[in-house]
Amino acid sequence: MTIRLQDTLSGETRPLEPLEPGHVRVYTCGPTVYGPAHIGNFRSFLFADLLVRYLRYRGLRVTWVMNLTDIDDKIIRGAAAEGITTVELADRYAERFLADAAGLGMSRPEVLPRATEHIPQIADLVGRLRDGGHAYRTDDGSWFFRIASWPAYGRLARLDPEAMRVGERVESDEYGKDDVRDFALWKGPKPGEPSWDTPIGHGRPGWHIECSAMSMTHLGPSFDIHTGGVDLVFPHHEDEIAQSEAATGQPFVRTWMHCAHLRLGGEKMAKSRGNIERVADLLAAGVSPRALRYALMAVHYRAPLNYTDESLPAAAAAVERFDALLAALAAYREDRPDDPTLPALLAEIRAGFEAGLDDDLNISAAMAAVFDGVRELNRRLADRSVSGADAARAAGLLRELDAVLGIAAPAADEAGPELVALLEARVAARAARQWTESDRLRDELAARGIAVEDTRDGQRWRRVVTTGG
RNA sequence: GGCGACGUGGCGAAGAGGCCUAACGCGGGGGUCUGCAAAACCCUUAUUCGUCGGUUCGAAUCCGACCGUCGCCUCCA
């Protein structure tokens with residue numbers, strides 16, 4: 001089996017064939033750090049994380065680049081409103097973004113480039129577009145991309161460039177354009193705004209150019225995968241393609257992958273609509289990061305995901321089912337010969353998991369294989385039909401799959417002295433058949449988020465997956 | 001107005017011509033196990049896949065119309 005991914009540009013689902021065999025280069029359109037990201041934003045970042053984790057699981061080397069856009073209109077406005085510099089504002093929210101990402105168990109990209117650290121590359125790109133006749137300068141020192149010079153414009157978004165003239169809405173501050181459809185590569189200097197002195201003049205980057213500059217700087221003029229939310233298809237990615245390919249003359253991205261929106265109340269979650277939830281708020285309210293991660297990840301990335309009051313409890317229950325098996329496998333002790341049919345079962349689980357994810361990251365199919373395996377393993381544990389070594393092998397497989405999913409409780413979870421004392425006291429109380437005392441201790445542990453279970457393998461404990469409510 | 005996606009059980013969701021009298025997760029009901037629990041397991045919970053037509057020996061899966069939802073066309077993950 002090979003990994004097949006759907007490409008937005010061609011509309012085709014094709015086998016992944018990295019430009020450099022065995023090495024996949026991935027660029028993810030990261031956040032503009034003008035404020036805290038919401039969980040809708042994180043859905044698309046978690047999708048990229050799933051992709052990268054799976055590619056690595058499949059033995060591919062991955063270079064993952066995710067930008068942080070740290071200069072734009074909103075950052076300038078936000079900084080002005082607070083009376084701080086754009087650098088201070090951007091730093092604050094970049095830090096916050098990384099904290100949220102870490103909280104959700106996202107892997108850290110190899111490179112987290114910032115727009116303001118790529119000004120020379122951006123200016124160089126604009127210079128090349130100018131030389132190629134694709135860019136022109138206006139009186140205020142801005143540079144625009146001339147869409148008329150790029151016949152392929154509109155292909156990604158399937159928009160007819162001619163038709164775009166009709167519903168034109170002219171931005172008041174960009175009246176110098178030759179054509180309303182042209183987009184800004186570089187914005188001329190304005191009083192009170194940060195600007196850089198470059199060979200193409202004073203000013204600051206437009207919105208789209210920094211992603212072209214950063215992706216090509218770190219991944220080369222052509223690379224394998226570019227991800228982002230569907231709302232970036234137009235104009236952001238359309239513009240990226242135009243300016244990148246016009247500048248280099250080479251195909252920019254092999255596979256464009258776009259994540260559908262997270263919805264709340266039936267509508268796209270968006271700051272402007274006010275229907276947002278934030279990672280830090282949810283975690284502070286006691287939501288398990290693993291439950292949140294699962295809730296945002298467990299639906300295919302190209303399907304809209306409706307976030308409701310039931311999302312978190314359902315996700316937490318599923319995660320807990322996975323945890324409970326892992327805990328049972330860890331506690332399992334049985335001195336008997338290995339189950340000769342276990343390897344086939346484990347192979348079947350792995351095969352189902354891979355078949356699902358190979359198919360354009362079909363997470364539902366992959367999870368179905370995992371949970372089929374969970375049921376069968378639980379059965380064998382209940383039957384005591386596997387050996388202790390078998391249990392360890394099964395746990396090994398689940399841990400391996402979880403390197404992709406990132407939902408399991410840590411393997412080595414230390415209880416800490418206070419909990420250890422309570423757990424040991426309960427074991428003693430039960431041994432002495434002091435049920436009232438043992439039940440009291442169970443309640444006390446429950447109040448600390450610990451579930452205890454009495455099994456043939458002794459008392460077992462695990463942390464409850466919470467949902468904040 | 002243009003372009004596009006989608007409508008499967010109480011909820012989420014896979015399936016894209018026969019293996020579907022439809023996975024998987026959550027929830028509900030009944031049971032087994034347990035000191036009681038929990039976890040787990042077993043049984044059960046859609047003869048049906050938005051509606052109406054059509055193609056086919058055969059359709060949730062293909063075609064058409066209609067209804068509905070959402071998105072993009074503007075900042076946006």
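Buried here means under 20% relative accessible area, computed with a 1.4 Å probe on the protein chains only. Keep that cut-off at hand for this tour of a predicted model.

**Stop 1: the RNA.** Select RNA strand B and the residues within 4 Å of it. You should get 51 residues. Trp-207, Gly-229, Leu-232, Lys-268 and Arg-379 come nearest. Now look at the strand's side of the contact: sugar and phosphate supply 67% of the RNA atoms that come within 4 Å of the protein. Colour the surrounding residues by class to find 21 charged, 17 nonpolar and 13 polar.

**Stop 2: polar contacts.** Pick Arg-263. An N or O atom of its side chain is 2.9 Å from a sugar or linking oxygen of RNA strand B. Go to Asn-378, where a polar side-chain atom lies 3.1 Å from a sugar or linking oxygen of the strand. Then show the backbone of Asp-454. One of its N or O atoms lies 2.9 Å from a base nitrogen of RNA strand B.

**Stop 3: helix 11.** Which helix gives the most to the surface near RNA strand B? Select residues 363-383: this is helix 11, and it contributes eight residues. Its 21 residues reach 30 Å from first C-alpha to last, close to the 30 Å expected.

**Stop 4: its buried residues.** Show side chains along helix 11. Those buried include Ile-363, Ala-366, Met-367, Val-370, Phe-371, Val-374, Leu-377 and Leu-381. Glu-376 and Arg-380 are buried as well. Add the cover, which includes helix 1 (39-57), helix 8 (289-297), helix 9 (311-331), helix 10 (342-358) and helix 12 (388-405).

**Last stop.** Step just past helix 11 to Arg-384, which takes a positive phi of about 60 degrees.

Terms used: Residues numbered from 1 in each chain as written. Chains lettered and ligands numbered in written order. Predicted model: local features only at pLDDT ≥ 70, side-chain atom pairs only at ≥ 80, totals over all residues. Heavy atoms only, no water. Polar contact = N/O pair within 3.5 Å; in protein donor to acceptor, adjacent residues only side chain to side chain. Helix = DSSP H or I, 4+ residues; strand = E, 2+ residues; numbered from the N terminus. Nonpolar A, V, L, I, M, F, W, Y, C, P; charged D, E, K, R; others polar. Expected span 1.5 Å × (residues − 1). Buried < 20%, exposed > 50% of the residue type's maximum accessible area, 1.4 Å probe, protein only. Contact = heavy atoms within 4.5 Å.
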